[in-house]
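Welcome! Here is a guided first look at a structure you may not have met before. Please keep the sequence and the 3D view at hand while you read.

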Amino acid sequence: GCELAVGPMDGNTWRNYRLITGGAPNKRFLFEPDHPCPCADHFASAGFSVLAKYSSAVCDNLGLRDQRADRIANHFADLGIQIRSLSRHHMESDLKAIYEITVEAFQNALLFHPIDFPSFRTQVQPLIECIDPQWILLAQQNDEVVGFVFGTPDLLQAANIPAVKDGTPLIDTAILKTLAVLPRRGLAGLGMLLLQRFHDRARELGYCKVIHALMHDQNGLVRSLSSRSAKPLRHYALFAKELN
């Protein structure tokens, strides 16, 4: 009874989907699709057309600051909003807050399908447990988390570069995977502040680049924020075919 086939997608948009369609020949980064290059051509030859486009961009000047950042930070501080790192001691409540913001912020996104919190926790907790919590920033107003940015060092980079002289691989790139803010009046500008704080955190920790990963080309918030500081890196697509 289905009328449309969409792919590639591992069940829903909470899991892996999309194909690389162009861009720089850099090594694959963490979270990026992993497939042979001709796959997009195979979908096209089978009668599929592009349903949605996505892109990744890289910022290699982490010292660049948005001139509005300090003013906006002061504005949100006056509203009682503070930005903090994920708490290991309150992992369950922080994960629940991230989950609830994600569901609300992306409910109208293309092909979004809600999952329950236990499924979300099972999916993300192994990754969170292996990265430093300072890479996950939460904007909190009183007792409520109203936005977050989820990132990590590019853990795949260690496998793609030579080791330094002491045998330790040098990772100089961080991945900004997800940025979301509750869709409420009064929170305009919080996304920009979270992005700036993530760049600041990466620079403080000695990183040189941040990849803004896998942005939907129709996502006005993230794309507009990224375009101020990052250059295009790679392009992706999701394909669809009507079933007769």
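The sections below walk through strands, charges, rings, backbone details and cysteines in turn.

## Strands and a crossover

Before we start, please note that this is a predicted model. A good place to begin is strand β7, which covers residues 173-181. Most of this strand is covered, with 8 of its 9 residues buried.

Strand β7 has a partner in strand β6, residues 144-153, and the two run antiparallel with 7 bridges between them. To find this pairing in the 3D view, look for G151, which stands opposite L176 in β7. Strand β7 also pairs with strand β8, residues 209-216, this time in the parallel sense and over 4 bridges. Here T173 stands opposite K209 in β8. Between β7 and β8 the chain passes through helix α6, residues 190-204, and this β-α-β crossover is right-handed.

## Salt bridges

How many salt bridges does a search of the whole structure find? The count is 12. One of them joins the side chains of K231 and D60, with 2.8 Å from N to O. K231 belongs to strand β9 (residues 231-242), while D60 sits in the loop between β3 (49-59) and α2 (69-78), so this pair ties together parts that are 171 residues apart in sequence. K231 is partly exposed, at 44% relative accessibility, and D60 is partly exposed too, with a relative accessible area of 42%.

Another salt bridge stays within a single helix. K96 and E100 both lie in helix α3, residues 91-105, and they are 4 residues apart, about one turn of the helix. Their side chains meet at 3.8 Å, N to O. K96 is partly exposed at 32%, and E100 is partly exposed at 42%.

R65 and D70 form a salt bridge as well, and their closest N and O atoms are 3.3 Å apart. R65 counts as partly exposed, with 35% relative accessibility, whereas D70 counts as exposed, with 52%. This pair belongs to a network of salt bridges that links R65, D70, D200 and R203.

## Aromatic rings

The structure holds 10 aromatic pairs. In one of them, the ring centres of W14 and F112 are 5.8 Å apart and the ring planes meet at 50°, so the pair counts as tilted. This pair links distant parts of the chain: W14 lies in the loop between β1 and β2, and F112 lies in the loop between α3 and α4 (117-130), 98 residues apart. Both W14 and F112 are buried. F43 and F48 make an edge-to-face pair, with 5.1 Å from centre to centre and 70° between the planes.

W14 and F112 are also members of one aromatic cluster, together with Y99, F117 and F120. K96, already met in its salt bridge with E100, has its charged end over the ring of F117, 5.5 Å from the ring centre.

## Backbone details

The loop between β1 and β2 is worth a second visit. P8 lies in this loop, and a cis peptide bond joins G7 and P8, with omega at about -5°. R18 has its place in the loop between β1 and β2 as well. Phi of R18 is near 90°, a positive value in a residue other than glycine. R18 counts as buried, at 10% relative accessibility, and lies over the face of Y17, 3.9 Å from the ring centre.

N142 offers another positive phi in a residue other than glycine, with a value near 55°. This residue is found in the loop between β5 (136-141) and β6. Is N142 buried or exposed? N142 is exposed, with a relative accessible area of 61%.

## Cysteines

How many disulfides does the structure hold? The number is 0. Take C59 as an example: the closest cysteine sulfur, in C208, is 11 Å from the sulfur of C59, too far for a bond. For a disulfide, the two sulfur atoms would have to be within 2.5 Å.

The surroundings of the cysteines can be compared too. C59 is buried, with a relative accessible area of 0%, whereas C130 is exposed, with a relative accessible area of 52%.

Key
Residues are numbered from 1 along each chain as its sequence is written. This is a predicted model: local features need pLDDT of at least 70, side-chain atom pairs count only at pLDDT 80 or more; totals for chains, interfaces and linings use all residues. Side-chain values use heavy atoms; hydrogens and water are left out. Buried means under 20% relative accessible area, exposed over 50%, partly exposed in between (1.4 Å probe, protein chains only). Two strands pair if DSSP finds at least two bridges between them. A crossover is right-handed if, with the strands pointing away from the viewer, the path from the first strand over the helix to the second runs clockwise. A salt bridge is a side-chain nitrogen of Lys or Arg within 4 Å of a carboxyl oxygen of Asp or Glu. Rings of Phe, Tyr and Trp (its six-membered ring) pair if their centres lie within 6.5 Å; planes under 30 degrees apart count as stacked, over 60 as edge-to-face and the rest as tilted. A charge sits over a ring if NZ of Lys or CZ of Arg is within 6 Å of the ring centre and within 35 degrees of the ring normal.
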